[in-house]
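Let's take a friendly walk through this structure, starting with one residue and moving on to the pockets.

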Amino acid sequence: MGLLVANLVYLRMKKSVVLDEMRELKLKDIAFITTSESTRKQELESTSIYRVTKKDKNLVVIDSFLIIEHLTHLYKDVEIQLVGENQTIIRVVKEKKATSPFIVACVWLLLFIGTAMTIMNFHYDVSMQPVQQKLHYLLTGEENEFPLWIQIPYSLGLGLGTLLFFNHWFSKRFNEEPSPLEVEIFNYQQDLDNYLNYNENKINGRKPSR
């Protein structure tokens, strides 16, 4: 009796997948696979893995262990080698309506006032105006309550520095380097994904087999 030679398949889970509707998921939707047999690869990619339903709400985490368990049950001659991520986060995001211009204007005005107050309070705390008055006196030998030739370039430089710091002018990026805000958002998303991978992972709620 000959030995069954296992077909080696490399599987890499996608970190996250965004769906616009609840539907059945194939293996190719949530993972990348590669194998030496092209026909077997197509067969594996079209394998049904999970159906997203209303009980999942808008979020579900699929663990690679469940995928490997499912595939090895269906295909006895397949050996799965996992590469990279251990879970895939599925998010169902329905198409949103366009935001009202009135709401955009209100949010913009709120942020503008908040930012202006923050800058003014900071300058008041560090006594910026007396410092500029002193600088004007040192350079010209005259006292001036409002040294505009210092204050105006300083204000323009403050706005320009903010643009360079965030590396954006509306949708235009100055260079390929991410801004500090983008890095913070990325770190927040990483922490959120780690939380979801642990708390929303169905395999963590499994009872040990006897």
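**From Asp56 to the pockets**

The side chains of Asp56 and Tyr50 are joined by a polar contact of 2.8 Å (a pair of N or O atoms within 3.5 Å; within protein, one must be able to donate a hydrogen and the other to accept it, and residues adjacent in sequence count only if both atoms are side-chain atoms). This is a predicted model, where local features need pLDDT of at least 70 and side-chain atom pairs count only at pLDDT 80 or more, while totals for chains, interfaces and linings use all residues. Residues are numbered from 1 along each chain as its sequence is written, and side-chain values use heavy atoms, with hydrogens and water left out.

Where is Asp56 placed? Look in the loop between strand 5 (48-51) and strand 6 (59-63); strands are DSSP runs of E with at least two residues, helices runs of H or I with at least four, numbered from the N terminus. Asp56 counts as buried because its relative accessibility is 8%, and buried means under 20% relative accessible area (1.4 Å probe, protein chains only).

Now for the pockets: on a 1 Å grid over the protein atoms alone, a pocket is an open set of points where a 1.4 Å probe fits, with protein on both sides within 12 Å along at least five of seven lines, and lining residues have an atom within 4 Å of a point. Helix 4, helix 5 (128-140) and helix 6 each supply at least two residues to the lining of the second largest pocket. Among its lining residues are His123, Tyr124 and Gln151.

How values were computed: Buried < 20%, exposed > 50% of the residue type's maximum accessible area, 1.4 Å probe, protein only.
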